[in-house]
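Please open the structure in your viewer and keep the sequence panel visible beside it. This tour proceeds one selection at a time, and each stop states what is to be found there.

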Amino acid sequence: MLDTRVASGETVRAGGFQTGRRDDVRGGGGSRSPVAAGRASGRGRDLLKSGFQTTLADRIEIRGLGVHSAAPARLILHPADVDSGIVILRTGLPGGHERLIEAKWSNVTQTSLCTVLGDSTGAGVATVEHLLAALSGLQIDNAIVEIDGPEVPIMDGSAAQFIDAIDAVGAASQSRRRRYLKVLKPLHVEHGRSRAEFRPAARGFHLDVEIDFEGAAIGRQRRAFDVGPQVFRREIGRARTFGYVADVKKLWQAGFALGSSLENSVAIDGEAILNPEGLRYCDEFVRHKALDAIGDLSLAGAAIVGAYHVYRPGHTVNALALSALFADRKAYEIVEGGPRPYRAGAGAQVGLAATAWAANAD
Ligand SMILES: [Zn+2]
């Protein structure tokens, strides 16, 4: 059954987050946790062994409502063994059944309003992208995401509370080297007016996002990031989801966005931002699309070494880009960080020592 052991390795506490701590987010240690006071900075993660897999140092419990279903869910993030990847344990199904669903591109079942993961039985979990972005952005390789409802809680519409919760328990280095997906050649996909392209890069993950909305409230925005944990925390993770009031009304009539509110979305009415607190960044919209892309692309199942440029981004074009990448065996290779090559099926040796690009930190 559920194995929540942390493999042997160095444990790093990244600081607590008493400031702004909410009742609906709990680190597994609770008041017994030796977590230091003060808001998490993630500084401790610098002590993690570069190029090695990581998991959570402790379990995390988060409760909230889904933005589309308005359904409550309890989320428990468990540490997991090396090479587990991110695995969803969907509980609370009829008859008391449970399903394990790997957070992989091949398990994407819908991308119209959010990214939905599921399996052939119809069991699934919606709106996985912000949680997956937090895990990927903070370079957590292995975790079990236990959830008892149909949708990941939307929290404040960003990944901020997932980031704070992960930083509060910290990460633990594990005994195996991290696996990377290295993009080997340019690859282009289109979907309607959306375009996306993967390109090789010497090191790290370069993300370039461009949005183009009519009207001055959003307009055309473009941002590029060399994505690593500090950039993710500082520049991307706190950007909230957004929508036009007119569209939300249509979604409500269709039975979607039922949990949407100013508490978890930036609402735009014509040229006006309705949220009294305003925006968190002047270009919060394009940053949120970067957050979505990081979550969606984490479904590669390995940290990407390459560049991803997306114009008019969305979950569908992100999913198509990953599918196209995996459909072309010459477009990528899987390699391990550090000096040892990773051997993939049929004894074929792919990948070379590449510490220069394997370091995906800021
Ligand atoms: Zn989003």
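## A guided tour of the predicted model

Begin by selecting residues 160-169, helix α2: 9 of its 10 residues are buried, so the helix is largely enclosed by the rest of the structure. The model is a predicted one. The buried residues of α2 are Gln 161, Phe 162, Ile 163, Asp 164, Ala 165, Ile 166, Asp 167, Ala 168 and Val 169. Next, select Gly 170, which follows α2 and has a positive phi near 85°.

Now move to Met 155, in the loop between β11 (143-147) and α2. Its phi is positive, about 55°, although Met 155 is not a glycine. Is Met 155 buried or exposed? A residue counts as buried if 20 or more other C-beta atoms lie within 10 Å of its own. Met 155 has 27 such atoms within 10 Å and is therefore buried.

**The whole chain**

Zoom out and display the whole protein chain, which has 7 helices and 24 strands. The chain has 362 residues, and buried residues make up 46% of them. Consider next the contacts between residues at least 6 apart in sequence: 74% of these join residues at least 24 apart.

**Strands β4, β5 and β11**

In general, strands of a sheet pair through backbone hydrogen bonds, either parallel or antiparallel. Select residues 72-79, strand β5, which is mostly covered, with 6 of its 8 residues buried. Add residues 60-65, strand β4: β4 and β5 run antiparallel and are joined by 6 bridges. To see one position of this pairing, select Ile 60, which stands opposite Leu 77 in β5. The hairpin of β4 and β5 has 6 residues between the strands, and Ala 70 in this hairpin takes a positive phi near 60°.

Then add β11 to the selection. How do β5 and β11 pair, in the parallel or the antiparallel sense? They pair in the antiparallel sense, over 5 bridges. Here Ile 76 stands opposite Glu 146 in β11.

**Two packed helices**

Two packed helices are described by the angle between their axes and the distance between the axes. Select residues 284-297, helix α5, which has 14 residues. From its first C-alpha to its last, α5 reaches 20 Å, close to the 20 Å expected at 1.5 Å a residue. The helix is mostly covered, since 14 of its 14 residues are buried.

Now add residues 129-137, helix α1. The two helices pack at an angle of about 80°, with their axes 7 Å apart. That angle makes α1 roughly perpendicular to α5. To display the contact, select Glu 129, His 130, Leu 132, Ala 133, Ser 136 and Gly 137 in α1, which meet Leu 291, Asp 292, Ile 294, Gly 295 and Asp 296 in α5. Colour these residues by class: the contact of α1 with α5 has 4 nonpolar, 4 polar and 3 charged residues.

**An open sheet and the helix across it**

Select strands β18, β19 and β20. They form an open sheet of 3 strands in the order β18-β19-β20, with mixed pairing. Which strands stand at the edges? They are β18 (242-244) and β20 (272-273), each with a single partner strand, so one side of each is left without a neighbour in the sheet.

Narrow the selection to β18 and β19 (residues 266-269), which pair in the parallel sense over 3 bridges. Within this region, Gly 243 stands opposite Ala 267 in β19. Then add residues 245-253, helix α4, which lies across β18 and β19 and runs at about 90° to β18.

From α4, continue to Ala 257, in the loop between α4 and β19. The phi of Ala 257 is near 55°, a positive value in a residue other than glycine. Ala 257 is buried, because 21 other C-beta atoms lie within 10 Å.

**A last stop in a loop**

Finally, select Ser 112, in the loop between β8 (108-110) and β9 (116-118). A residue with 12 or fewer C-beta neighbours within 10 Å counts as exposed. Ser 112 has 10 such neighbours and therefore counts as exposed. Add His 315 and display the distance from C-alpha to C-alpha: Ser 112 and His 315 are 203 residues apart in sequence and 7.1 Å apart in space.

Technical notes:
Residues are numbered from 1 along each chain as its sequence is written. This is a predicted model: local features need pLDDT of at least 70, side-chain atom pairs count only at pLDDT 80 or more; totals for chains, interfaces and linings use all residues. Helices (H or I, at least four residues) and strands (E, at least two) are DSSP runs, numbered from the N terminus. The expected span of a helix is 1.5 Å times one less than its number of residues. Axes are lines fitted to C-alpha atoms, for helices over the stretch in contact, and angles run from 0 to 180 degrees between N-to-C directions. Angles under 35 degrees count as roughly parallel, over 145 as roughly antiparallel, 65 to 115 as roughly perpendicular and the rest as oblique. Two residues are in contact if their C-beta atoms, placed from the backbone, lie within 7 Å. Ala, Val, Leu, Ile, Met, Phe, Trp, Tyr, Cys and Pro count as nonpolar, Asp, Glu, Lys and Arg as charged, and the others, Gly among them, as polar. Two strands pair if DSSP finds at least two bridges between them.
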